[in-house]
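Reader: I'm new to this structure and don't want the whole tour yet. Please pick one part, look at it closely, and then show me what sits around it.

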Amino acid sequence: MIRLCSVSEIPEGEGLRVPGPVPLAVFVVDGEAFVLDDACSHQAASLSDGYLEGCWVECPLHEVAFSLRTGLPSGPPARKPVRTWPAVVADGVVYADLDVVVEVTAAAPAVPAEVA
């Protein structure tokens, strides 16, 4: 696990872009950390700039939502999921295991009406 940021660096109800070889979007929802690639799979829009609704983030350009848990999109124009990474919050710090990509094994849960 590597340190990404402190929880206090993430604006309430928003995401934080963490630069690196592959930029990451970091979210904390109800104390649970989520880390995914910070680029919409349709085009390279920054998901950390998207609208957060529960465990979904809406792409700021395409109005497609991505599950923070699975990376699956809610529908077109995005057809491919974004990669997600195992993450934890410990002592107010977000850590992620960037050696392990979370595999998508099931369909994403229903998208909240406010995001769809």
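Author: β2 and β3 run antiparallel and are held as a pair by three bridges. (Two strands pair if DSSP finds at least two bridges between them; strands are DSSP runs of E with at least two residues, helices are runs of H or I with at least four, and both are numbered from the N terminus.) Before going on, keep in mind that this is a predicted model, where local features need pLDDT of at least 70 and side-chain atom pairs count only at pLDDT 80 or more, while totals for chains, interfaces and linings use all residues. Residues are numbered from 1 along each chain as its sequence is written, and side-chain values use heavy atoms, with hydrogens and water left out.

Back to the pair. In β3, Leu24 stands opposite Val18, and Val26 is the bridge partner of Leu16. To get from β2 to β3, the chain makes a hairpin through five residues.

Now follow Val26 to the next strand along: its bridge partner in β4 is Val35. β3 and β4 (residues 32–37) are antiparallel too, joined by six bridges. Their hairpin leaves two residues between the strands.

One residue in that turn is worth a pause. Asp30 has a positive phi of about 50 degrees, although it isn't a glycine. Is Asp30 buried or exposed? It counts as exposed, because its relative accessibility is 82%. (The cut-offs are under 20% relative accessible area for buried and over 50% for exposed, with partly exposed in between, using a 1.4 Å probe and protein chains only.) β3 itself is a different story: five of its six residues are buried, which leaves the strand mostly covered.

Step back a little and you can see the sheet these strands belong to. It's an open sheet of four strands in the order β2-β3-β4-β8, with antiparallel pairing. β2 (16–18) and β8 are the edge strands with a single partner each, so one side of each has no neighbour in the sheet.

At the β8 edge, look for Thr84, in a strand that covers residues 84–85. With 2% relative accessibility, Thr84 counts as buried. What is Thr84 in contact with, once neighbours within four places in sequence are set aside? Val35 and Leu36 are on the list, along with Leu68, Arg69, Thr70, Gly71, Val100, Val101 and Val102. (Contact means heavy atoms within 4.5 Å.) Between β7 (65–67) and β8 there's a loop that holds Pro77. The peptide bond joining Pro76 and Pro77 is cis, with omega about 10 degrees.

β3 also turns up in the lining of the largest pocket: β3 (24–29) and β5 (51–53) each supply at least two of its residues. The pocket has a volume of about 170 Å³. Among the residues that line it are Val28, Val29 and Asp30, as well as Val7, Ile10, Leu52 and Glu53. (On a 1 Å grid over the protein atoms alone, a pocket is an open set of points where a 1.4 Å probe fits, with protein on both sides within 12 Å along at least five of seven lines, and lining residues have an atom within 4 Å of a point; the volume is the space filled by probe spheres set on the points, which are joined across faces, edges and corners.)

Elsewhere, three strands make an open antiparallel sheet in the order β1-β10-β9. Its edge strands are β1 (2–6) and β9 (87–90), each pairing on one side only. β1 and β10 (residues 93–96) share four bridges, and Cys5 stands opposite Val94 there. The loop between β9 and β10 holds Asp91. Phi of Asp91 is positive, near 55 degrees, and Asp91 is not a glycine. At 83% relative accessibility, Asp91 counts as exposed.

Last, the whole chain: it has ten strands and zero helices. Of its 116 residues, 42% are buried.
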